[in-house]
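Could you walk me through this model in my viewer, one selection at a time? I would like to know what to pick next and what is there.

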Amino acid sequence: MEYTGTETVVLRAELVKACQRLMQTGFRLLTMIGTDERERTGHFILRYYFAADRTSQIALVTVRIPATDPTYPSVATIIPAASWYEREVYDLLGIQPIGHPDLRPLVLHGQRVNAYPLRRDYPLLQSLPEVRRELQEPALDEGQFIVPVGPIHAGVIEPGHFRFLVAGENVESLDAQLFYTHRGLEKRAEGMHVAEAMALVEQTCGVCSVSHALSYAQAVEAVAQIQLAPQAIWIRTLLAELERLYNHVGDVGNLCAGIGFSFGTMQGARLKEQLQQLNDDVTGHRYLRGVIVVGGVAKTFSFAEIERIRVTTMQILQEIGEITDAILSDEIVCDRFNRTGVLDAQVVEQWSVVGPAARASGVVRDVRMNFPYAGYGELEFSVPTFQTGDVMARFQQRIAEIYESGKLIDQIIRRLLELVQTGDGTPLLTPLPSLVPGSFAIGISESARGENVHFVMVGENQTIYRLRIRSASYANWPAVPYAVPGNIIPDFPLINKSFELCYACCDR
Amino acid sequence: MWKLIKKRLQTAVSTRPIEEVLTSQPPRIEQGRLSCEDDLLVRFNHLAATVFGGSLHVRHVDTGSCNACEWELNALLNPVYDVSRMRIEFVASPRHADVLAVTGGVTRNLLEALRMTYEATAWPKAVVAIGGCAIGDGLIGKTYAQEGGIAPFVPIHVKVPGCPPRPQEILAGFLHAMECLTHGVEQSGS
């Protein structure tokens, strides 16, 4: 599926007004990409992508920034969701948003150094100077304390640093410092062959590998304008649903771990392990890596494998019903889940929150439905939503989505069986034509956490000129601190787990 | 409550036999008992009983991994692998740890955390590098923001390759780390 949409090139002075106009007509910020195209056009270029969920439209606002004066008026003043993108562009490309409400370093920790690694003339291997952290004495009222947590946490989880401002038991505000695992993946991808970079893209995140691979493949395929074999499309769709299923089933367990409810934790972990062993059996990788390639898929499924998928998912769906029934019949669980970590629908709109977190706050937003890709356009499914926006809503959201996934897998398997039976003989891989340097496209897919958006611009000889990975976690992290105030610190792990955001695919 | 008990009673045991988890070859049945060529289980129990008074405490350090290795470490705690029955425990503080399980290729933002965690770990200590990124042959490797391996900063005792390695492989890595530690323990006499 192609999302060319409408492109508007605006002057710097008109940027804010152009974005505001789009926001008033039902669009939301999808992603923003800064590119250093000085060697091609003599400019830095910023691309603001907007999406209108109801009308399935994509709009692009492009602004050229002269190399001699890399500044522009900040859009974050009117669209909070643009805040992180603009801070990141300032850190990595040195383009300064004027009037930005919070210009602390985001991606590169510590003191600002006058080095911008995503500029084309910055060598990939040149290390930045070591981080020098300076702690500032916070201004506190009487009775207030700061509780710092992380980056190395007590459990086996990813690194992030949280500073809770507390008065008594209640959290008054939360400041989350992320990007500890910023690996420079996008810079690494520059100059790589578009097909070879797939392995790199899959390493963006462990548990959204399929979704990232899909987004990336779709972006490259949109540039190349190629059609895929039907069998390849259905295998991709099946993988995407298998990924959602094992993530959501695991999350049911993880949420119970957040309150130390071991029955739910262990049952969830057991079912997740079963699903991961299924993944391993049918694809050779517990996280489903290596099957999706640019132009199609690397393998097809045999009858035996399809049957294995069908039987296992059916059994899991039946068990998850019994388990969640038992979990929700527990009074203590309900007491901890209800009214904890409420995320307002207004925050969802302001910060362009995506995925189950948005849907649990009553906002219908699912790219499978709004911008159908792979085989989703031909499948029947509904997008469940909940209204309360608390941990309970996000828990039930996942359960509801597990059942939808089950229905989808059933339909996909039927389609796939037809194709495998007739054996139409079309190759699973469509060869890539020669790509025009400078052409670009975005690819979107819905992971278990929300939509992943990949922007790919191709350079000479089928290589990547610029890759920008905007994961669902990147969109949702800025909204998490809004769900915390008013809760107690011991509830934070639970709230955090209910969003279930990755750090790795946010930080890249 | 009744539903919970009912489900618990209905759920069949999903825990794999230790023999099956610890060995690559499938166990045989000999004289009515499970038996393996390389009896890792016996070695494991022997080591655990002599080296650390019967337990191994592991502290995990993420230095910039993609989250897959973390989930495989977490999978060790699920009912299928259930490493706590082998007296392996993930602890909250490096001061309680015998082994550091390091994942990821040391990003700039986490270098300080890795150093501090290593220094805070009591001697004798062993470092298990989990996954290609930590070992130093990861796909991302050295970039402006990442060093591409933990070797220049902490000594690696055991390497567990894979992207990510399977839980069984990580478990075998812990076993080898115990063997590495035997020497240090004998020296310090603790």
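**A tour around strand E6 of chain B**

Start by selecting E6(B) together with strand E7 (residues 158-160) of chain B: the two run parallel and are joined by 3 bridges. Keep in mind throughout that this is a predicted model. To see one contact of this pairing, pick Ile130(B), whose bridge partner in E7(B) is Val160(B).

Now turn to the other pairing of E6(B). Select strand E5 (residues 99-103) of chain B, which is parallel to E6(B) and linked to it by 5 bridges. To follow the connection between these strands, trace the chain from E5(B) through helix H5 (residues 111-120) of chain B and on to E6(B); you will have followed a right-handed β-α-β crossover. For a residue pair to label here, choose Leu100(B) and its bridge partner in E6(B), Val127(B).

Next, show the side chains of E6(B). Which residues point one way, and which the other? Ala126(B), Val128(B) and Ile130(B) take one side, while Val127(B) and Ala129(B) take the opposite one, and all of them are buried. With 5 of the 5 residues of this strand (residues 126-130) buried, E6(B) is largely enclosed by the rest of the structure.

**Stops in the loops**

Step back from E6(B) into the loop that leads from H5 of chain B, and select Pro124(B). The peptide bond between Trp123(B) and Pro124(B) is cis, with omega about 0°. Then go to the loop between E7 and helix H7 (167-188) of chain B, where Pro164(B) sits. Here too you will find a cis peptide bond, running from Cys163(B) to Pro164(B), with omega near -10°. These are worth a look because most peptide bonds are trans, and a similar rule holds for phi: most residues other than glycine have a negative value.

For the phi stops, select Asn67(B) in the loop between strand E3 (56-62) and helix H4 (68-75) of chain B. Its phi is positive, near 95°, though the residue is not a glycine. Is Asn67(B) buried or exposed? Asn67(B) counts as buried because it has 27 C-beta neighbours inside 10 Å, and the cut-off for buried is 20 or more.

Finish at Asp82(B), in the loop between H4 and strand E4 (88-90) of chain B. Asp82(B) is another non-glycine residue with a positive phi, about 45°. With 18 other C-beta atoms within 10 Å, Asp82(B) is partly exposed.

Technical notes: Residues are numbered from 1 along each chain as its sequence is written. Chains are lettered from A and ligands numbered from 1 in the order in which they are written. This is a predicted model: local features need pLDDT of at least 70, side-chain atom pairs count only at pLDDT 80 or more; totals for chains, interfaces and linings use all residues. A residue is buried if 20 or more other C-beta atoms lie within 10 Å of its own, exposed if 12 or fewer, and partly exposed in between; C-beta atoms are placed from the backbone. Helices (H or I, at least four residues) and strands (E, at least two) are DSSP runs, numbered from the N terminus. Two strands pair if DSSP finds at least two bridges between them. A crossover is right-handed if, with the strands pointing away from the viewer, the path from the first strand over the helix to the second runs clockwise.
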